[in-house]
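Q: Please take me through this model, label by label. For each label, set the value against its rule.

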Amino acid sequence: PGPGADGPSAARGARLRRASFVVAVLLAVGGVLASAGSASAASYRYWSFWSGAADGGWAYQQQGPNTYVPPDGSVDGWRFG
């Protein structure tokens, strides 16, 4: 090893490489999160409640899940939109 291979300058170089790596990871994660989008308060979003039909179709439930009692063997669905 040449001069500066161990000691303070080597430790400083290792810290600099580690810090550069951490910054690169944080920038990459920030880019992914920024491109993922966010739930905007400007638009109205809610969970809708659906009932599955025997033919495979879906019907929007006018009653909420707190008042609707599904028959045995039926299928209920939820959609966020």
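A: Start with a bridge: Trp47 has Phe80 in β3 as its bridge partner. Keep in mind that this is a predicted model.

Q: What makes β1 and β3 count as paired strands?
A: Pairing needs at least two DSSP bridges between two strands. β1 and β3 have five bridges and pair in the antiparallel sense. The rule is therefore met.

Q: How do you know that β1 and β2 pair?
A: Three bridges join β1 to β2. The threshold is at least two, so the strands count as paired. They run antiparallel. Gly52 stands opposite Trp58 in β2. The hairpin of β1 and β2 has five residues between the strands, and Gly56 takes a positive phi near 95° there.

Q: In what order do the three strands lie, and how is the sheet described?
A: The order is β2-β1-β3, in an open sheet with antiparallel pairing. Neighbouring strands of this sheet are turned by 35° against each other on average, direction ignored.

Q: Why are β2 and β3 said to stand at the edges?
A: β2 (58-60) and β3 each have a single partner strand, so one side of each is left without a neighbour in the sheet.

Q: Why is the pair of Trp47 and Phe80 called tilted?
A: The ring centres lie 5.3 Å apart and the planes stand at 55°. Centres within 6.5 Å make a pair; under 30 degrees would be stacked, over 60 edge-to-face. An angle of 55° fits neither, so the pair is tilted.

Q: What does the pair of Trp47 and Phe80 tie together?
A: Trp47 lies in strand β1 (residues 47-52) and Phe80 in strand β3 (residues 76-80), so the pair ties together parts that are 33 residues apart in sequence.

Q: Are Trp47 and Phe80 exposed or partly exposed?
A: Trp47 has 54% relative accessibility. Exposed means over 50%, so the label for Trp47 is exposed. Phe80 has a relative accessible area of 39%, so this residue is partly exposed.

Q: What makes Phe49 and Trp78 a tilted aromatic pair?
A: Their rings are 4.9 Å apart centre to centre, with 40° between the planes. The distance is within 6.5 Å, and the angle is neither under 30 degrees nor over 60, so the pair counts as tilted. Phe49 is in strand β1 and Trp78 in strand β3, 29 residues apart.

Q: Buried or partly exposed: how are Phe49 and Trp78 labelled?
A: Phe49 has 7% relative accessibility. Buried means under 20%, so Phe49 counts as buried. Trp78 has 48% and counts as partly exposed.

Q: How many aromatic pairs does the ring rule give?
A: The count comes to three.

Q: What makes Phe21, Val22, Val25, Leu26 and Val29 a patch?
A: Together these residues form a nonpolar patch on the surface, with about 460 Å² of accessible area. Patch members need over 30% relative accessible area. Val29, found in helix α1 (residues 8-36), has 44% and counts as partly exposed. Val29 therefore clears the accessibility cut-off.

Q: What pattern does the chain follow along the sequence?
A: The pattern is α-β-β-β. The chain has one helix and three strands. Buried residues make up 7% of its 81 residues.

Technical notes:
Residues are numbered from 1 along each chain as its sequence is written. This is a predicted model: local features need pLDDT of at least 70, side-chain atom pairs count only at pLDDT 80 or more; totals for chains, interfaces and linings use all residues. Side-chain values use heavy atoms; hydrogens and water are left out. Patches are made of residues with over 30% relative accessible area and no salt bridge: like charges are joined within 9 Å, nonpolar side chains (Val, Leu, Ile, Met, Phe, Trp, Tyr) within 5 Å. Accessible areas come from the Shrake-Rupley method with a 1.4 Å probe; for residues, only the protein chains shown count as cover. A salt bridge is a side-chain nitrogen of Lys or Arg within 4 Å of a carboxyl oxygen of Asp or Glu. Helices (H or I, at least four residues) and strands (E, at least two) are DSSP runs, numbered from the N terminus. Buried means under 20% relative accessible area, exposed over 50%, partly exposed in between (1.4 Å probe, protein chains only). Rings of Phe, Tyr and Trp (its six-membered ring) pair if their centres lie within 6.5 Å; planes under 30 degrees apart count as stacked, over 60 as edge-to-face and the rest as tilted. Axes are lines fitted to C-alpha atoms, for helices over the stretch in contact, and angles run from 0 to 180 degrees between N-to-C directions.
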